[in-house]
Protein chains: 2
Amino acid sequence: MIKLYDFELSGSCYKIRLFLNILGIEYQKENVDFVNKEHKTPKYTALNPFGEIPVFEDDDLWLRDAQAILVYLAGKYDGSHTWFPADAASQGKIAQWLSTGGGEIMNAAGARLVKILHYPLDLEKLQTGANRVFRILDDHLADRDWLELDHPTIADIACFPYTALAGEGGIALAPYPNILRWLERVKQLPGFIPMPGITPSV
Amino acid sequence: MIKLYDFELSGSCYKIRLFLNILGIEYQKENVDFVNKEHKTPKYTALNPFGEIPVFEDDDLWLRDAQAILVYLAGKYDGSHTWFPADAASQGKIAQWLSTGGGEIMNAAGARLVKILHYPLDLEKLQTGANRVFRILDDHLADRDWLELDHPTIADIACFPYTALAGEGGIALAPYPNILRWLERVKQLPGFIPMPGITPSV
């Protein structure tokens, strides 16, 4: 049985919920009280010493890190072999955006933590970092519908949530029309589910 | 022909040089003048809009991001299929440390940039972040020789360089005896090569 240690408002947990739903996989959720920092308690750091959500369990396999969980789920449960194809070139191309989704785009996640939960972080620096990667992402999407391979992959799943939630960090997406069209494309995927702050397709 | 856009003192570029040498792959190097910020010039950002090194070319495939390049090289050129095995559980486990190698461990890389190139970053915060991940890494290595799968994988390659270079960022590794033993193990790998600041095995 798959179990996801989850927080409803976390974009990182939502990556996993979204992909599980797209793949049509049943799973259990265990709520982590992120607002009250349950993820930093000894009970939780015994599951993930990094003290971060999500954490993922599939029988005796435990994984931390949203991107790693996406890699596992695609390899194990994607019968279409399209979300993280087995060939080296596809995996390398997709891995670039797994790094971006867990890296530069997390500037937008940080900005959101400042705005929503009043984290004492440098909002301006985070917004600048987010705008820098959104400029690159928008240019990249100027002549393609999906981040790599001309079809949806876990690259899109990894980069979607905190881009779609940028407004909650005070970052406007209006200057990025290609991103806006790509977000809409993701929302049209069979199995798409929303989360608070990310509405279904209009 | 493989071409690596390289800077000798970059631990991220060294990840790729090290793995190419372990795999016994011939390649061309093109030097990027990192000190004079050539990686931020239009000529280079046309190759990698993120303005970061390394960049990698294999015929018509272009990749940015050291971790993505490791994924590609293992999939394409590792005849042993041990460095990034094809099964979902192995890939998921290894992907966790690709995130860590490109993520938390880069705190040590940032501290080194402050010390060596006088980057205007928050040294104390970077050192604290590095020590936090080194504590986790040391605990993880208490009962294992390699990060995952009981043998060397690209997880080890991704995390090795900036851990081994920690001293150049003013971060002592003496409190982490399991890390020190693991670094020595990596240095004993067939095909290991040093870089400035990382000496061969004693």
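Contact here means that heavy atoms lie within 4.5 Å of each other. The structure is a predicted model, and this cut-off serves to describe the surroundings of individual residues as well as the meeting of chain A with chain B.

Tyr77(B) offers a starting point. This residue belongs to helix α3 of chain B, which covers residues 66-77. Leaving out residues up to four places away in sequence, Tyr77(B) touches Ile2(B), Leu23(B), Ile25(B), Asp58(B) and Tyr72(B). One of these partners, Leu23(B), is 54 residues away along the chain, yet the C-alpha atoms of Tyr77(B) and Leu23(B) are separated by 7.2 Å. Tyr77(B) has a relative accessibility of 31% and therefore counts as partly exposed.

Helix α3 of chain A likewise comprises residues 66-77. Its twelve residues, at 1.5 Å a residue, should span 16 Å, and the C-alpha atoms at its ends are indeed 16 Å apart, so expectation and model agree. The helix is mostly covered, with nine of the twelve residues buried. The buried residues are Ala66(A), Gln67(A), Ala68(A), Ile69(A), Leu70(A), Val71(A), Tyr72(A), Leu73(A) and Ala74(A). At the N-terminal end of α3(A), Asp65(A) acts as a cap, with a side-chain oxygen 3.2 Å from the backbone nitrogen of Gln67(A).

The interface between the chains comes next. Chain A contributes 30 residues to the contact and chain B contributes 31 residues. Together the two chains bury about 2300 Å², of which 62% is on carbon and sulfur atoms. On the side of chain A, the most area is lost by Phe50(A), Arg64(A) and Gln96(A), which together account for 24% of what that side buries. Nine residue pairs are in polar contact between chain A and chain B, both residues being at pLDDT 80 or more, whereas zero salt bridges are found across this interface. At least two residues each of the chain A side come from β4 (61-64), α3, α4 (88-102) and α6 (123-140). Of the elements of chain A, α4(A) gives the most, with ten residues. By type, the side of chain A that touches chain B divides into 15 nonpolar, seven polar and eight charged residues.

Salt bridges form a further theme. Side chains of opposite charge can pair when their charged atoms come close. Over all chains, the count comes to 16 salt bridges. One of them joins Arg17(A) and Asp6(A), at 2.7 Å from N to O. This pair links distant parts of the chain, with Arg17(A) in helix α1 (residues 11-23) and Asp6(A) in strand β1 (residues 2-6), eleven residues apart. Both Arg17(A) and Asp6(A) are buried.

Asp143(A) and Arg144(A) also meet in a salt bridge, at 3.3 Å from N to O. Here Asp143(A) counts as exposed because its relative accessibility is 64%, while Arg144(A), at 30%, counts as partly exposed.

In chain B, Asp138(B) forms a salt bridge with Arg135(B), the closest N and O atoms being 3.0 Å apart. The two residues are three residues apart in helix α6 of chain B, so about one helical turn separates them. Asp138(B) is buried, with a relative accessible area of 3%, whereas Arg135(B) is partly exposed at 35%. In chain A, salt bridges that share partners join Arg135(A), Asp138(A) and Asp139(A) into one network.

How values were computed. Residues numbered from 1 in each chain as written. Chains lettered and ligands numbered in written order. Predicted model: local features only at pLDDT ≥ 70, side-chain atom pairs only at ≥ 80, totals over all residues. Heavy atoms only, no water. Helix = DSSP H or I, 4+ residues; strand = E, 2+ residues; numbered from the N terminus. Expected span 1.5 Å × (residues − 1). Buried < 20%, exposed > 50% of the residue type's maximum accessible area, 1.4 Å probe, protein only. Polar contact = N/O pair within 3.5 Å; in protein donor to acceptor, adjacent residues only side chain to side chain. Buried area = accessible area lost by both parts, 1.4 Å probe. Salt bridge = Lys/Arg side-chain N within 4 Å of Asp/Glu carboxyl O. Nonpolar A, V, L, I, M, F, W, Y, C, P; charged D, E, K, R; others polar.
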